[in-house]
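Got your viewer open? Let's take a walk through this model together, one selection at a time.

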Amino acid sequence: MSIAQHLALIDELCHRPFPAERGPSDVGVSGPGHHVAVLEAAADDDPATRAVTIDQYEKDRDAVYEHLASRWGDTPPYNLQTVLLRTALEEIPAPWAELSARAGAAHLWEVEGTGRWVAVAVADRDASREVQLLALVTEADPP
């Protein structure tokens with residue numbers, strides 16, 4: 001997918017209804033109050049190739065950030081490591097707990113007029129899983 005396609009999908013998810021139950025969707029997974037879209041994905045057991053993929057997905061994430069920041073404002077990266085640590089001590093809403101288990105940081109915006117939040121992150125925390133560029137759209141405030 002191109003950056004333009006990523007942006008179009010994020011825009012669409014900002015208005016797509018949430019399902020009553022968690023399950024697979026046409027773009028990833030959706031559940032009550034959230035959609036998680038896999039914008040890009042690649043699996044490779046070679047650490048050098050994985051590193052190149054992560055670098056490319058970070059560049060793509062930053063390109064998406066530039067476009068969304070021009071619409072919704074510049075935001076500092078959101079530290080998901082802190083959220084991950086908090087999951088051991090308190091109940092964190094599902095989409096945020098899951099995102100923090102998969103990514104270390106995200107770009108995050110509250111989308112005015114929709115009651116929704118958008119996060120874009122590179123899921124690379126688990127070396128046994130494919131690297132993914134993810135977009136989260138949720139009505140749950142970030143923890």
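Start by selecting Leu-108 and Ala-119: Ala-119, in strand 6, is the bridge partner of Leu-108. Keep in mind as you look that this is a predicted model. Now widen the selection to residues 105–111, which are strand 5, and residues 116–123, which are strand 6. The two run antiparallel, and six bridges join them.

Next, pick residues 3–13 to light up helix 1, which packs on the sheet. What does helix 1 touch there? Its contacts are with strand 3, strand 6 and strand 7, and the direction of helix 1 makes about 165° with that of strand 3.

Time to colour the whole sheet. In what order do the strands sit? Follow them across as 1-2-3-7-6-5-4: seven strands in an open sheet, with antiparallel pairing. Look at the two edges, where you'll find strand 1 (23–24) and strand 4 (78–79). Each of these has a single partner strand, so one side of each is left without a neighbour in the sheet.

Stay at the strand 1 edge for a moment. Strand 1 and strand 2 run antiparallel and are joined by two bridges. Select Pro-24 and then Val-29, its bridge partner in strand 2. The link between the two strands is a hairpin, with three residues making the connection.

Move one strand over. Strand 2 and strand 3 are also antiparallel, and four bridges join this pair. Click on Gly-31 and you can find its bridge partner, His-34, in strand 3. Then select Gly-33, in the hairpin of these two strands, which has two residues between them. Gly-33 takes a positive phi there, near 85°.

Now go to helix 4, residues 94–102. Which strands does helix 4 lie across? Turn the model and you should find strand 3, strand 5, strand 6 and strand 7 under it, with helix 4 running at about 160° to strand 7.

Keep helix 4 selected, since it leads to the next stop: the largest pocket, with a volume of about 150 Å³. Helix 4 gives the most to the lining, with four residues. Strand 2 (28–31), strand 3 (34–42) and strand 7 (131–138) each supply at least two residues as well. To see the pocket wall, select Arg-22, Gly-28, Val-29, Val-36, Val-38, Pro-95, Glu-98, Leu-99, Arg-102, Gln-132, Leu-134 and Leu-136. Try colouring them by type: seven are nonpolar, two polar and three charged. Val-29, which you met as the partner of Pro-24, is part of this lining too.

Finally, zoom out and show everything. How many helices and strands are there? The count comes to four helices and seven strands. From the N terminus on, the elements run α-β-β-β-α-β-α-α-β-β-β. The radius of gyration is 14 Å, close to the 15 Å that the globule rule gives for 143 residues, so the protein is as compact as a globular protein of that length. Along the principal axes, its C-alpha atoms fill a box of roughly 40 × 40 × 30 Å.

Terms used: Residues are numbered from 1 along each chain as its sequence is written. This is a predicted model: local features need pLDDT of at least 70, side-chain atom pairs count only at pLDDT 80 or more; totals for chains, interfaces and linings use all residues. Side-chain values use heavy atoms; hydrogens and water are left out. On a 1 Å grid over the protein atoms alone, a cavity is a set of points where a 1.4 Å probe fits but cannot get out, and a pocket is an open set with protein on both sides within 12 Å along at least five of seven lines; lining residues have an atom within 4 Å of a point. Grid points are joined across faces, edges and corners, and a volume is the space filled by probe spheres set on the points. Ala, Val, Leu, Ile, Met, Phe, Trp, Tyr, Cys and Pro count as nonpolar, Asp, Glu, Lys and Arg as charged, and the others, Gly among them, as polar. Two strands pair if DSSP finds at least two bridges between them. Contact means heavy atoms within 4.5 Å. Axes are lines fitted to C-alpha atoms, for helices over the stretch in contact, and angles run from 0 to 180 degrees between N-to-C directions. The radius of gyration is taken over C-alpha atoms; the globule rule is 2.2 Å times the number of residues to the power 0.38.
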